[in-house]
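Let's take a walk through a protein and look at its aromatic rings. Keep the picture open while you read.

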Amino acid sequence: MIMLWSTTMIPQARPSACIQSSSSCSSSTAFQVFYLCCSFGIMSIGSGGIRASSMAFGTDQLKVRDSSKSSVPLERYFGWYYATTSIAVLFAMSCIVYMQDHLGWKIGFGILVVLMFVTVLSFFLASPFYIKVKSEANFLISFAQVAVATYRNRNTSLLSESTSMAYHHQKGSALIVPSDYLRFLNKACTIRYRGQYSSADEIDLDSWNVCTVDQVEDLKAVIRVIPLWSTGAIMCVNLNQPSFPVIQARSMDRHITSWFEIPAGSFGTFITLAFILWVVAYDRLIIPMASWIIRKPVRLSPKQRMGIGIFLSIFAQATMAIIEFFRREMAIEEGLSGDTDAVVKMSAMWLLLPNCLNGIAEALNIVAQNEFFFSEFPRSMSCVALTLRGVGMSAGSLLAAFILSFVDKISTSGGNMSWVPSNINQGRYDYYYWVLAGISAVNLMYFGMCSWTYGPEAEESKVNVIEDHQLASTHSS
């Protein structure tokens, strides 16, 4: 943040100001671009470390302090985590953006530097009070050991009947026999013949030839969720379109009153507001009311919420396309197609509907993803489970950039005008939104196939086992 702030304070770190009388602007130098990219790169690395670890670190505090088996503390923690994060985003997209628009970039970025300094200082001052759980073996190394051991034991025949004597498992582990899913990986933990190792310590020293059942099952858990994880990454494409809605809002009437105008960059706050309100309403209003009406506990599974979120994202992009169609037609009728900074006589409040749909879709899908991964993975892999959503958002951002470049290249073939030029009035942004809606529709069908292939979730399996036991007890009685 200090590097980014310095680009507003040091004249040599940014291009010189444009000359308004001649409308000429000097381009940035290679050093200025490199310096700016370095600031973004360092921020990305820092935020990656925070987002990949903060939630899992918080669950460590709860798991150690809470001796009961209740999941209520974790559920409350997830709720507060999303709420505070969303409030921070809301503050950034409203107050910070407003100050940057009216007070300038120097003060706007300077405030962020001060906030980051206070955050870092408070984190290190509170460090002695944190519970620091001892880290376990590196999962990447563990997964590599499973892959290598599977290859080395590729000629080993798997037993038709699995017994604990045939597989290497950790002492005291509940997993003594591997599952039948991706059965070929079971070769990694197979003891090829009796007496191959004289002791368990000798096996542990040969972990690149024989792994534990836990290692094999951990890798299976990751492989099994990858298809469902990819559907969330594809949905994040819709959430990684921050510039286009801003361009749309800038070209529309953003006045609420004659004296107050919403900054174009603040319209994203409505996505965050819808996110917060839905999380609170779902937990405190919708679910209790539905349970009261039906007279029994009602709960949507994580997979159901993920599917509904993808479904709503289709309508969000379709709504954006329809709004953009009418906005563009109005700009042409008013003779503003050649003016980049023109504002049409159409209220920007129309953008609230797709923004709210995107916020609800994000609340349903992304929150459910974390719950799904956390419940499906072994407890030892909670950090990996809570990191997948962030990896999916990063993958979605890269995919969004690729789709934009592809659409721009295809639309300009044959000398035609790009669908997504800098002048929104001359482009066809509505076509681009329809492309995103089509991708979301295909993603919904892909999600349905992945969900069916995955089978029941861990919680559903537990419920089925309990019901089977109850049914068996009823028959026996």
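What follows is a short tour of ring pairs, and then of charges that sit over rings.

Keep in mind that this is a predicted model. In it you'll find 18 aromatic pairs. Start with Phe-57 and Tyr-130, whose ring centres are 5.4 Å apart. Their planes meet at 85 degrees, and over 60 counts as edge-to-face, so that's the label this pair gets.

Now, where do these two residues sit? Phe-57 belongs to helix H2 (residues 30-65), while Tyr-130 is in the loop between helix H4 (105-125) and helix H5 (139-152). Those parts are 73 residues apart in sequence, so the ring pair ties them together. As for the surroundings, Phe-57 has 28% relative accessibility and counts as partly exposed. Tyr-130, at 27%, is partly exposed too. The pair also has company: ring pairs link Phe-57, Phe-123, Phe-124 and Tyr-130 into a cluster.

Next, hop over to Phe-325 and Phe-326. How are their rings arranged? The centres lie 5.4 Å apart and the planes are at 80 degrees, so this pair is edge-to-face. Phe-325 is partly exposed, with a relative accessible area of 35%. For Phe-326 the value is 48%, which still counts as partly exposed because exposed means over 50%.

Rings can have charged partners as well, so to speak, and here are a couple to find. Look at Arg-154: its charged end sits over the ring of Tyr-151, 4.1 Å from the ring centre. Then find Arg-428, whose charged end sits over the ring of Tyr-431, at 4.2 Å from the centre.

Conventions:
Residues are numbered from 1 along each chain as its sequence is written. This is a predicted model: local features need pLDDT of at least 70, side-chain atom pairs count only at pLDDT 80 or more; totals for chains, interfaces and linings use all residues. Side-chain values use heavy atoms; hydrogens and water are left out. Rings of Phe, Tyr and Trp (its six-membered ring) pair if their centres lie within 6.5 Å; planes under 30 degrees apart count as stacked, over 60 as edge-to-face and the rest as tilted. Helices (H or I, at least four residues) and strands (E, at least two) are DSSP runs, numbered from the N terminus. Buried means under 20% relative accessible area, exposed over 50%, partly exposed in between (1.4 Å probe, protein chains only). A charge sits over a ring if NZ of Lys or CZ of Arg is within 6 Å of the ring centre and within 35 degrees of the ring normal.
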